[in-house]
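The following exercises are to be worked through with the structure in view. Each task is followed by a solution in steps.

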Amino acid sequence: MVDQKRDTDESTDQQTSTPATFNEKIRRGYFWMVQYWRELFNFKFDKYMIIQVLPGVYGIALAAIALVLIYLCVDAFMTSTWRGLFYFFIGAPLTFLVTASVLRALLEFYMVMFKIAAHVDELVGLRDTVDRLSGISDSVDEMVSVTRRIPFWRTLSSSDRPRPGRKINQENKKNDNK
């Protein structure tokens, strides 16, 4: 049997969630626009804005390319029907494909450059940490040289001393010393 009450509850949940989701998208879009305009007129240049607006720039550029090509096709049709057909079926699609590919490659190159810059900034921070830690290695080396001068330290750290659980053959030890 089909539970009709459950079906009606699910349909009302979907209807109420759709406007909430739509309102959330509208609110996020409005927030993004306000942030975009705020960052556009920020003269401090403390953040890379291009990374955030790259998808929008790509979409606007593709739309502009398409509009220019449509204009050129209409102009070509006004000049000659054959020329218009050539532009419409061969010239415009080929031009759109090439310019969109070059635009995409250029924007991806910019994105890679900004990511490299971010990684270099992280490496500079790591270098400062390594420089601070290198002072520790110098002090450890100094401690090792000091402990080597202590007379009883050599006997404690030597490998010839007897250790618990290990029997040393005295004759082999005497032979090694000769």
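**Exercise 1.** Determine how the side chains of Arg28 and Glu24 meet, and which residues are linked with them in a network.

*Solution.* The model examined here is a predicted one.

Step 1. Arg28 and Glu24 meet through their side chains in a salt bridge, with 3.1 Å from N to O. A salt bridge requires a side-chain nitrogen of Lys or Arg within 4 Å of a carboxyl oxygen of Asp or Glu, so the pair qualifies.

Step 2. Both residues belong to helix α1, where Arg28 and Glu24 are four residues apart, about one turn of the helix.

Step 3. Glu24 also forms a salt bridge with Arg27, and here the closest N and O atoms are 2.9 Å apart. Arg27 and Glu24 are three residues apart in helix α1, again about one turn of the helix.

Step 4. Glu24, Arg27 and Arg28 are therefore linked in a network of salt bridges.

Step 5. The accessibility of each member can now be classified. Arg28 has a relative accessible area of 58% and is exposed. Arg27, at 52%, also counts as exposed. Glu24, at 28% relative accessibility, counts as partly exposed.

**Exercise 2.** State how many salt bridges a search of the whole structure finds, and describe the one formed by Arg104.

*Solution.* Step 1. The search of the whole structure finds three salt bridges.

Step 2. Arg104 has Glu108 as its salt-bridge partner, with the closest N and O atoms 2.8 Å apart.

Step 3. Arg104 and Glu108 lie in helix α3, four residues apart, which is about one turn of the helix.

Step 4. Arg104 counts as partly exposed at 42% relative accessibility, and Glu108 likewise counts as partly exposed at 42%.

**Exercise 3.** Classify the aromatic pair of Trp37 and Phe41 and the pair of Phe109 and Tyr110 by the geometry of their rings.

*Solution.* Step 1. A pair of aromatic rings is described by the distance of the centres and the angle of the planes. The structure holds four aromatic pairs, and two of them are treated here.

Step 2. For Trp37 and Phe41, the ring centres are 6.0 Å apart and the planes stand at 20 degrees, so this pair is stacked. Phe41 counts as exposed, at 53% relative accessibility.

Step 3. For Phe109 and Tyr110, the distance is 6.3 Å centre to centre and the angle between the planes is 45 degrees, which makes the pair tilted. Phe109 counts as partly exposed at 45% relative accessibility, as does Tyr110 at 39%.

**Exercise 4.** Identify the nonpolar patch on the surface and give its accessible area.

*Solution.* Step 1. The patch is formed by Tyr30, Trp32, Met33, Trp37, Leu40, Phe41, Phe43 and Phe45, which together have about 1,100 Å² of accessible area.

Step 2. One member, Leu40, is found in helix α1, which covers residues 4-40. Leu40 counts as partly exposed, at 36% relative accessibility.

**Exercise 5.** List the residues of the largest nonpolar core and determine which helix gives the most to this core.

*Solution.* Step 1. The largest nonpolar core has nine residues: Leu54, Leu62, Ile65, Leu69, Cys73, Ala92, Ala100, Leu103 and Leu107.

Step 2. At least two residues of this core come from each of α2 (50-79) and α3 (81-149). The most is given by α2, with five residues.

Step 3. Cys73 is a core member. Leaving aside its neighbours within four places in sequence, Cys73 is in contact with Gly84, Tyr87, Phe88 and Ala92.

Step 4. Met111, in helix α3, is partly exposed, with a relative accessible area of 22%. Since buried means under 20%, Met111 does not count as buried. Beyond its neighbours within four places in sequence, Met111 is in contact with Ile51 and Leu54. The C-alpha atoms of Met111 and Ile50 are separated by 8.5 Å, although the two residues are 61 residues apart along the chain.

**Exercise 6.** Describe the protein chain as a whole: its helices and strands, its buried share and its accessible surface.

*Solution.* Step 1. The protein chain has five helices and zero strands, in the pattern α-α-α-α-α along the sequence.

Step 2. Of the 178 residues in the protein chain, 9% are buried.

Step 3. The accessible surface of the protein chain is about 15,600 Å², and 65% of this surface belongs to carbon and sulfur atoms.

Note on methods. Residues are numbered from 1 along each chain as its sequence is written. This is a predicted model: local features need pLDDT of at least 70, side-chain atom pairs count only at pLDDT 80 or more; totals for chains, interfaces and linings use all residues. Side-chain values use heavy atoms; hydrogens and water are left out. A nonpolar core is a set of buried Ala, Val, Leu, Ile, Met, Phe, Trp, Tyr and Cys residues joined through side-chain atoms within 4.5 Å. Buried means under 20% relative accessible area, exposed over 50%, partly exposed in between (1.4 Å probe, protein chains only). Contact means heavy atoms within 4.5 Å. Patches are made of residues with over 30% relative accessible area and no salt bridge: like charges are joined within 9 Å, nonpolar side chains (Val, Leu, Ile, Met, Phe, Trp, Tyr) within 5 Å. Accessible areas come from the Shrake-Rupley method with a 1.4 Å probe; for residues, only the protein chains shown count as cover. Rings of Phe, Tyr and Trp (its six-membered ring) pair if their centres lie within 6.5 Å; planes under 30 degrees apart count as stacked, over 60 as edge-to-face and the rest as tilted.
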